[in-house]
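Me: Could you take me through one part of this model slowly? I'd like to look closely at the ligand and whatever is around it.

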Amino acid sequence: MTTHKTRIAVFCSGGGSNFKSIYRAIAEKPLDAEILLCLSNRSQCGAMEFASQNGIATVHITEKQFSSFEEFAAAMVQYLKDAQIDIVLLAGYMRKVPDAVVAAFPDKMLNIHPALLPKFGGEGMYGMFVHRAVLEAGEKESGATVHFVNEEYDKGKILLQKRVPVLPGDTPESLAARVLECEHALYPDALEKLLTMQNS
Ligand code: GRF
């Protein structure tokens, strides 16, 4: 049971549309949470820009800034500890999160994947690779999955899924757009579910 607002860090690498949908949901719904930190491997991207514009602290951190992977992972953990982060949400973060960081947030780190896991997940399954594979497999539906993060790509326990149809004539791009829209509804719902689970 948390007695304070749940403190969230969001990890991003790109446009940050999921980050924005979570931010808006927190502003609009009675979610007892706040986003305190945006962490990215890219100093400039839509997500980092949005964070700065909305008074959210940003951290640009990459392995290259450190002499070893262990130091990089330890620094990441330290940033999260310093900001007293309770929950980490991966939203288009295009790097594998170091195991030490995952271990520091057991059952408190979520990721969103643009397909119905366990299908179409794993290393190399990201972005258009996913949607192309779904179309090539002749699937009748796709969707998005929010899952807990563990040490293996896309293998953590599933928290919530949402389905969309695959339509005749779909291209990877048209399917990606439909799935992304579904992600924007799903991630806030998954966050709400996690917050409820934590407080029960
Ligand atoms: C989303 O499709 C998400 O599923 C995947 O990366 C994309 C991020 O998009 N992990 P955005 O940066 O949230 O717009």
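Where does the ligand sit?

Reply: Before we zoom in, this is a predicted model, where local features need pLDDT of at least 70 and side-chain atom pairs count only at pLDDT 80 or more, while totals for chains, interfaces and linings use all residues. Residues are numbered from 1 along each chain as its sequence is written, and side-chain values use heavy atoms, leaving out hydrogens and water.

Now, the ligand sits in the largest pocket (a pocket is an open set of points on a 1 Å grid over the protein atoms alone, with protein on both sides within 12 Å along at least five of seven lines; sitting there takes more than half of the ligand's atoms within 2 Å of the grid points). Helix 1 (17–28), strand 5 (109–113) and helix 6 (172–199) are the elements that give two or more residues to the shell around the ligand (DSSP runs, at least four residues for a helix and two for a strand).

So who's in that shell? G14, G15, G16, S17, N18, G92, I112, H113, P114, L180 and E183 surround the ligand (each has a heavy atom within 4 Å). Sorted by class, that's three nonpolar, seven polar and one charged residues, with Gly counted as polar. Both domain 1 (1–105) and domain 2 (113–195) supply at least three shell residues, with bounds from an automatic or database assignment.

Next, look at the polar contacts (N or O atoms paired within 3.5 Å). In the side chain of S17, an N or O atom is 2.5 Å from an oxygen atom of the ligand. E183 also uses its side chain: one of its polar atoms lies 2.7 Å from a ligand oxygen. With N18, it's a polar backbone atom that is 2.9 Å from an oxygen atom of the ligand.

Conventions
Polar contact = N/O pair within 3.5 Å; in protein donor to acceptor, adjacent residues only side chain to side chain. 1 Å grid on protein atoms, 1.4 Å probe; cavity = no way out; pocket = protein on both sides within 12 Å on 5 of 7 lines; lining within 4 Å.
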